[in-house]
Amino acid sequence: MKVKKLFIVFFFAYFSNCLSQSIKGVYSRQAIKGVGDTSELSERAKKPLYFSYTFTKNKSLQELIEGGGTYIDTIYNEYKEVPGEKFASEAITIKPKKIFYYKDFSISNYRVYSEKNNNEIYISDNLPTYEWKLENESKIISGYNCKKATTIKNILNKSQYITAWYCEDISINDGPMDFNGLPGFIIQIEIDDKTILKFEKIKIISNTSTEILLPEITTKPITIKEYETNTLNGK
């Protein structure tokens with residue numbers, strides 16, 4: 001009986017400590033490859049975007065630190081028929097002006113807003129869940145000992161192979177974008193072999209009074225399913 005009581009006390013103390021902890025950090029999102037196997041990215045397209053991250057009281061908010069614009073670059077692609085010969089073409093890079101990701105774990109609410117090329121997308125839906133496979137592999141990322149997990153993400157009738165690296169020493173089950181649900185904090189996400197999201201800086205704060213407020217947006221939100229339907233129908 002005493003052992004059971006001690007376990008209950010320990011559990012609630014641990015749970016309360018997790019809730020009282022806050023995290024502040026910065027992560028980068030960098031494109032590695034284009035859509036096609038032979039496509040080449042311009043230098044501006046390769047330049048990473050940086051996001052601020054805050055977690056406190058069962059909520060998290062990620063915001064694009066600096067917005068972009070529209071750029072036209074010259075890139076060089078090889079002729080398949082003549083190895084070694086290249087031709088020049090123009091590549092248009094459109095960087096988003098504003099992005100935020102918001103999660104409220106207490107009510108399983110997920111919101112994402114993006115403003116790009118004068119087009120707004122605002123989604124509000126249940127927090128996405130993933131069927132993670134824990135792998136027997138680990139490595140150090142940004143100074144943290146991380147373990148590997150993999151899953152498949154289905155979006156816009158396409159499947160993306162996701163590799164996550166999470167740190168069990170940080171007892172918050174969150175990560176960049178909508179990714180969550182692992183037994184620790186997700187330090188890095190690899191989407192196929194095309195995009196990497198990586199926390200460059202992380203600071204853990206105990207007993208903070210920081211509050212996270214949902215940014216005010218006048219655009220009417222839609223669900224993830226509505227967004228996919230609209231996109232596939234060219235709306």
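K139 lies over the face of W165, 4.5 Å from the ring centre; a charge is taken to sit over a ring if NZ of Lys or CZ of Arg is within 6 Å of the ring centre and within 35 degrees of the ring normal. The model behind this is predicted, with local features needing pLDDT of at least 70, side-chain atom pairs counting only at pLDDT 80 or more, and totals for chains, interfaces and linings using all residues. Residues are numbered from 1 along each chain as its sequence is written, and side-chain values use heavy atoms, leaving out hydrogens and water.

Now for the overall picture. The protein chain contains three helices and 13 strands, where helices (H or I, at least four residues) and strands (E, at least two) are DSSP runs numbered from the N terminus. Of its 235 residues, 37% are buried; that word stands for under 20% relative accessible area, with exposed over 50% and partly exposed in between (1.4 Å probe, protein chains only). The accessible surface is about 14600 Å², and carbon and sulfur atoms own 51% of that; areas come from the Shrake-Rupley method with a 1.4 Å probe, and for residues only the protein chains shown count as cover. Among contacts (heavy atoms within 4.5 Å) with a separation of 6 or more, 54% involve residues 24 or more positions apart.

Strand β2 is a handy place to start looking. Six of its eight residues are buried, which leaves the strand mostly covered. On one side, β2 pairs with strand β1 (residues 21–31) in the antiparallel sense over seven bridges; two strands count as paired if DSSP finds at least two bridges between them. Within that pairing, G25 has Y53 of β2 as its bridge partner. Strand β2 is also joined to strand β3 (residues 59–64), again antiparallel, by six bridges, and here T54 stands opposite L61. The hairpin of β2 and β3 has two residues between the strands. In that loop sits K57, which has a positive phi of about 50° although it is not a glycine. K57 is partly exposed, at 41% relative accessible area.

Aromatic rings turn up in pairs as well. The whole structure holds twelve aromatic pairs, meaning rings of Phe, Tyr and Trp (its six-membered ring) with centres within 6.5 Å; planes under 30 degrees apart are called stacked, over 60 edge-to-face, and the rest tilted. One tilted pair is F51 with Y101, at 6.1 Å centre to centre and 50° between the planes. This pair links distant parts of the chain, with F51 in β2 (residues 49–56) and Y101 in β6 (residues 98–104), 50 residues apart. Both F51 and Y101 are buried, and they belong to one aromatic cluster along with Y27, Y53, F185 and F199.

What about the inside? The largest nonpolar core has 37 residues, and W132, F185, I187 and I189 have the most contacts inside it. Such a core is a set of buried Ala, Val, Leu, Ile, Met, Phe, Trp, Tyr and Cys residues joined through side-chain atoms within 4.5 Å. Strands that each supply at least two residues of this core include β1, β2, β6, β7 (109–116) and β12 (185–191). Leaving aside residues up to four places away in sequence, W132 touches a long list of others, among them A149, I162, F179, L182 and I189. Another core, of six residues, lies apart from the 37-residue one and includes F100, Y102, Y122 and I212. F100, in strand β6, is buried with a relative accessible area of 0%. Its partners beyond four places in sequence include L61, V112, Y122 and L214. The C-alpha atoms of F100 and V112 are separated by 5.7 Å, although the two are twelve residues apart along the chain.

Further along come two more hairpins. Strand β9 (residues 133–141) runs antiparallel to β10, joined by six bridges, with K147 of β10 as the bridge partner of S138. Two residues separate β9 from β10, and S142 in the turn has a positive phi of about 50°. Strand β10 then joins β11 through nine bridges, also antiparallel, and N154 stands opposite S159. This hairpin, too, has two residues between its strands, and L156 takes a positive phi near 55°. N157, in the loop between β10 and β11, is not a glycine but has a positive phi of about 60°. At 73% relative accessibility, N157 is exposed.
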